[in-house]
Protein chains: 2
Amino acid sequence: MAEAPATEESRRTRILRAAFEEFYRNGFQAGSLNHIVASAGATKGALFHHFENKQELGYAVVDEVIQPSGRRRWLDLLEQESDPVEAIKACFRRNIAEDIEVRTTLECGCPLNNLAQEMSPLDEGFRQRIEAGYRVWREALAAALERGKQLGHVREDVSSGAAAALIVAGQMGIWGTAKNSQDGELMRRAAEGLYAYLDSLRPSRAASV
Amino acid sequence: MAEAPATEESRRTRILRAAFEEFYRNGFQAGSLNHIVASAGATKGALFHHFENKQELGYAVVDEVIQPSGRRRWLDLLEQESDPVEAIKACFRRNIAEDIEVRTTLECGCPLNNLAQEMSPLDEGFRQRIEAGYRVWREALAAALERGKQLGHVREDVSSGAAAALIVAGQMGIWGTAKNSQDGELMRRAAEGLYAYLDSLRPSRAASV
DNA sequence: GACATGATACCGACCGGTCGGTATGCTGCA
DNA sequence: TGCAGCATACCGACCGGTCGGTATCATGTC
C-alpha cells in the first residue's frame with residue numbers, strides 16, 4: 001500500500017501531467033524539472049526512474065498527452081461529418097469558443113505549435129514527432145476534401161493538398177494571433193476570414209445538387 | 001584604441017546583432033548573454049554598459065532589428081502597388097522564395113513570431129511591442145484592401161478586417177509550417193492555398209472593369 | 001507457511017556547470 | 001580632471017542529472 005492516497009493516478013501519470021503544464025506555460029527549455037516534481041508531489045528520483053532524461057520526458061508529453069488530445073479535438077469530428085467544409089468550420093467554431101472561455105489556451109496558445117516553434121530547429125526528435133502529428137492532420141483534411149468532391153460539397157478544381165496545408169497553417173496562425181494579442185474578438189475575426197475561404201471551396205450555387 | 005579593428009560598427013550594434021542571432025536560434029530565455037558577448041567579440045561589461053539587463057536587450061532587438069526588417073519585407077511594397085491582391089501575393093512569393101533559398105529562415109522561422117509565441121504569456125513588455133507590430137501590419141492590409149475596393153480590385157462585401165487578420169495569421173502559420181516540416185515544397189503549397197483565398201476576394205469577372 | 005532472492009518504485013542530498021548580473025578598475029579622449 | 005566606454009574578476013542562484021540507499025512486493029523453493 002504505497003500508492004497515492006486520494007487519487008488513482010500513478011506517479012508516472014502525475015509527473016507527466018505536471019510536465020505538460022510546466023512545458024506548456026514556460027516552454028520546454030525553460031521548464032524546470034524541480035518545478036515539475038514539486039507540483040506533482042514527487043521527487044527527482046521518481047522522475048528519473050520513469051523517464052531517462054528531460055528530453056525523453058518531453059517526448060512522452062508529446063506522444064501521450066498532446067497528440068491524443070489534438071486527435072480528439074481536430075480529427076474525430078472530421079470523420080463523422082460528410083460535408084468537409086461544414087465539419088471543419090464546426091471544428092474551428094467549437095474549439096475557438098472553448099478556448100476563449102477557458103482562458104488558458106487563449107493565453108498560452110496551442111501546445112503542439114508551441115513545442116513545434118521552440119524545438120523544431122533544436123531537436124530532431126521533437127521535430128519529427130510533431131511533424132508527424134501535423135502530417136496526419138493534413139492528410140485527414142485532404143482526404144475529407146476529396147470525399148467532399150465526390151459528394152458535390154467541394155469544387156473539383158480545388159487543390160485539396162494546398163487547402164489542407166492552408167487550413168493547418170491557419171490554425172497555427174489563428175491560435176498564435178490569439179496568444180499574442182490575448183484578444184478573443186481578433187481570434188474570431190481571423191477565423192471568419194478562414195470560414196470565407198472554406199465557403200469559397202464550395203461549388204457555385206448554380207451547379208450544386 | 002579600444003574600437004573594433006576591421007568593422008565600422010559600434011560595439012553596441014555588434015552586440016545587438018549577435019543578440020538577435022542568439023535569440024533567433026535559441027529563443028530568448030535559453031539564449032545566453034555569454035554566447036552573445038563572445039560572438040560579438042565583446043565583454044559582459046560592454047553589454048551591461050549599453051543595456052540595462054537581458055530584458056532590455058531583448059526589447060532593443062525587437063525594436064531596432066526585427067521590426068524595421070519586418071516593415072521592409074511586408075509593408076513597403078504594399079504601399080507602392082494599387083491592386084492589394086496582387087501586392088500581397090507578390091510579397092508572399094518574394095519572401096517565400098528568398099527564405100527557401102537562404103535556408104536559415106526556413107529552419108528558424110519568423111523572428112517576430114518566434115518571440116511572440118515564446119514570450120507573450122511571460123512578459124507583457126514583449127507582448128505589447130510585438131502585438132503593436134502585427135497590428136500595424138493588419139491595419140495596413142485592411143487599408144490596402146479598402147483602397148482596393150474603391151478601385152474595383154476587391155469585392156465590396158469582403159470584410160477587410162477579417163481578411164487582414166487571416167492574412168497575418170496565414171503568414172504566421174505558413175512560416176511555422178515551414179519551420180516544423182523544413183519542407184519548402186509544403187510551404188509553397190500552403191501559400192498556394194492562400195493565393196486561392198486572395199483571388200476569391202476579387203470581384204467576379206463579369207463585373208470587373 | 002516461511003523465507004531468501006530479486007526486481008521495481010521511490011527518496012533526497014549532492015554534483016559540476018551555467019546562468020544573469022555586479023563591483024571595480026583601466027584607458028583614452030574632451 | 002572627468003567621464004564615457006569598456007575589460008576583468010567574481011557572485012549566488014539555479015539548472016539537469018547522479019548516486020547511495022530504502023521500502024514494497026512478486027516469486028520460487030523448501
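**Notebook: two chains on DNA**

I started with helix α8 (residues 111–119) of chain A, where nine of the nine residues are buried, so the helix is largely enclosed by the rest of the structure. I'm working from a predicted model here. For the record, the buried residues of α8(A) are A:Pro111, A:Leu112, A:Asn113, A:Asn114, A:Leu115, A:Ala116, A:Gln117, A:Glu118 and A:Met119. Next I asked what those residues pack against. Within chain A, I found α1 (11–26), α4 (54–74), α9 (124–150) and α10 (160–181). From chain B, α8 and α10 join in.

**Chain A overall**

I stepped back to look at chain A as a whole. I get eleven helices and zero strands. The C-alpha atoms fill a box of roughly 70 × 35 × 30 Å along the principal axes. Chain A has 209 residues, and 43% of them count as buried. I also checked contacts in chain A with a separation of 6 or more: 64% of these join residues 24 or more positions apart.

**Where the chains meet**

I then turned to the contact between the two chains, which takes 45 residues from chain B and 45 residues from chain A. On the chain B side, α7 (103–108), α8 (111–119), α9 (124–150), α10 (160–181) and α11 (184–199) each supply at least two residues. Which helix gives the most to that side? I noted α10(B), with 17 residues. By class, I have the chain B side down as 19 nonpolar, 18 polar and eight charged residues.

I wanted to know how the copies are related. Chain B can be laid on chain A with an RMSD of 0.0 Å, using a turn of 180° and a shift of 0.0 Å along the axis. That is the relation of a two-fold axis. In chain B, I found the C-alpha of B:Gly173 nearest the axis, at 2.2 Å. Of the interface residues of chain B, 100% are also interface residues in chain A, so the copies meet through the same surface.

**A helix pair in chain B**

I picked α1 (residues 11–26) and α4 (residues 54–74) of chain B, whose axes come within 10 Å and cross at roughly 100°. That makes α1(B) roughly perpendicular to α4(B). From α1(B), I listed B:Leu16, B:Ala19, B:Phe20 and B:Phe23. They meet B:Leu57, B:Gly58, B:Ala60, B:Val61, B:Glu64 and B:Val65 in α4(B). I sorted this contact by class and got eight nonpolar, one polar and one charged residues.

**DNA strand C**

I looked for residues around DNA strand C and found 19, the closest being A:Arg11, A:Gly45, A:Ala46, B:Ser32 and B:Lys54. Helices α1 and α3 of chain A, along with α2 (33–39) and α3 of chain B, each supply at least two residues. I credit the largest share, four residues, to α3(A). The class split near strand C is five nonpolar, nine polar and five charged residues.

**DNA strand D**

I repeated the search for DNA strand D, which is surrounded by 19 residues, with A:Ser32, A:Lys54, B:Thr43, B:Gly45 and B:Ala46 closest. Two or more residues come from each of α2 (33–40) and α3 (44–50) of chain A and α3 (44–50) of chain B. Which element has the largest share near strand D? I traced it to α3(B), which gives four residues. My class tally near strand D reads seven nonpolar, eight polar and four charged.

Definitions and conventions: Residues are numbered from 1 along each chain as its sequence is written. Chains are lettered from A and ligands numbered from 1 in the order in which they are written. This is a predicted model: local features need pLDDT of at least 70, side-chain atom pairs count only at pLDDT 80 or more; totals for chains, interfaces and linings use all residues. Two residues are in contact if their C-beta atoms, placed from the backbone, lie within 7 Å. Ala, Val, Leu, Ile, Met, Phe, Trp, Tyr, Cys and Pro count as nonpolar, Asp, Glu, Lys and Arg as charged, and the others, Gly among them, as polar. Copies are superposed by least squares on the C-alpha atoms of residues with pLDDT of at least 70 in both. Axes are lines fitted to C-alpha atoms, for helices over the stretch in contact, and angles run from 0 to 180 degrees between N-to-C directions. Angles under 35 degrees count as roughly parallel, over 145 as roughly antiparallel, 65 to 115 as roughly perpendicular and the rest as oblique. A residue is near a molecule or strand if its C-beta atom, placed from the backbone, lies within 6 Å of it. A residue is buried if 20 or more other C-beta atoms lie within 10 Å of its own, exposed if 12 or fewer, and partly exposed in between; C-beta atoms are placed from the backbone.
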